[in-house]
Amino acid sequence: MERKSMIAYVNGEFLPENQATVSIFDRGFLFADGVYEVTAVINGQLIDFEHHIARLQRSCHELELTLPYGEAELKQIHHQLIEKNNLHEGLIYLQLTRGNAMTRNFLYPDKDVKPTLVLFSQESSIVDHPKAKFGIEVVTFDDIRWQRCDIKTVALLAASMAKEYAHKHGADDALFTKDGYINEGSSSNCFIVTQDDKLQTRELNNKILPGITRRAILALAQEKGLEVIEKAFRLEDALNAKEVFITSATTLIWPVIKINGQNISEGKPGSIAVRLREIYLQKAKSQK
Ligand code: PDD
């Protein structure tokens, strides 16, 4: 089936996507010198928007990138894109790069070089995705990424390699592991439910992205009286857990039913993952 052509946003203009272009000298293209956000849209509404913008502001701060707009203006651009593309369910992708420096130079260009801001939308199924219902099989992949995984940069080759490896090994996705510990998913955070019903995910530091969905799920779990532990766990902890699941804006929660071919519990989605997803969806749908 042919994909419907969408309207994209480039530096102040809304354009058909085949006319939405950036320069070959853009530092996002040459140096992966850019940051991004992916915000879910459900029933035409942005999910956890202010947290995505707060993380974008932090990413920019860490890299001395200038974000040309504040939260209100960015929200307006997101809403315009939703409207122009008649987006009911899917995502909005935003990317900000250090702009077109007119040449290739490793040093940051002068402050008068304007950053490049691009947004586009994508329709996708989030609420009724079959993987949410049936769970996913994952394989582990050595975490070969850099030491600032807390910044959401567009340097995603390691994640692509991990996903490609998973695909070639008949799995749905990969978990990044280092020294026996699970850091996070290739594009998600990873949680386990321990045998004594505690919800565990690793603590925030430079090794993982501070996921917006992770944050929301931790808050919900606490609200519902679940004991929460933010501490690194080993692959064998996950293999012996009651449940394993991943979280991200594009999946919300997907249960993990197998790691490296080994079943988690009975090899079926766990009840806590399913319940947390339902509650998160209810909350998300009531956001404006
Ligand atoms: N990825 N960890 C990594 C490495 C990620 O790339 C992502 C999100 C997350 C989850 O973050 P959040 O809950 O804020 O989406 C964790 C997005 C969805 C992507 O690259 O498509």
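This is a conversation about the ligand and the cysteines of a predicted model.

Mentor: Residues are numbered from 1 along each chain as its sequence is written, and side-chain values use heavy atoms, with hydrogens and water left out. Because the model is predicted, local features need pLDDT of at least 70 and side-chain atom pairs count only at pLDDT 80 or more, while totals for chains, interfaces and linings use all residues.

Trainee: What makes the pair between Tyr36 and the ligand a polar contact?

Mentor: A polar contact is a pair of N or O atoms within 3.5 Å, and an N or O atom in the side chain of Tyr36 is 2.6 Å from an oxygen atom of the ligand, so this pair meets the definition. A backbone N or O atom of Ala249 likewise lies 2.8 Å from a ligand oxygen atom.

Trainee: Why is the ligand said to lie between two domains?

Mentor: Domain 1 (7-123) and domain 2 (130-285), whose bounds come from an automatic or database domain assignment, both give residues to the shell around the ligand, so the ligand lies between them.

Trainee: Why is Cys60 called buried?

Mentor: Buried means under 20% relative accessible area (1.4 Å probe, protein chains only); Cys60 has 2%, and is therefore buried. Cys190 also has a relative accessible area of 2%, so Cys190 is buried.

Trainee: How do you know that Cys60 is in no disulfide?

Mentor: A disulfide is a pair of cysteine sulfur atoms within 2.5 Å, and the structure holds zero of them. For Cys60, the nearest cysteine sulfur, that of Cys149, is 18 Å away, so the definition is not met.

Note on methods. Polar contact = N/O pair within 3.5 Å; in protein donor to acceptor, adjacent residues only side chain to side chain. Buried < 20%, exposed > 50% of the residue type's maximum accessible area, 1.4 Å probe, protein only.
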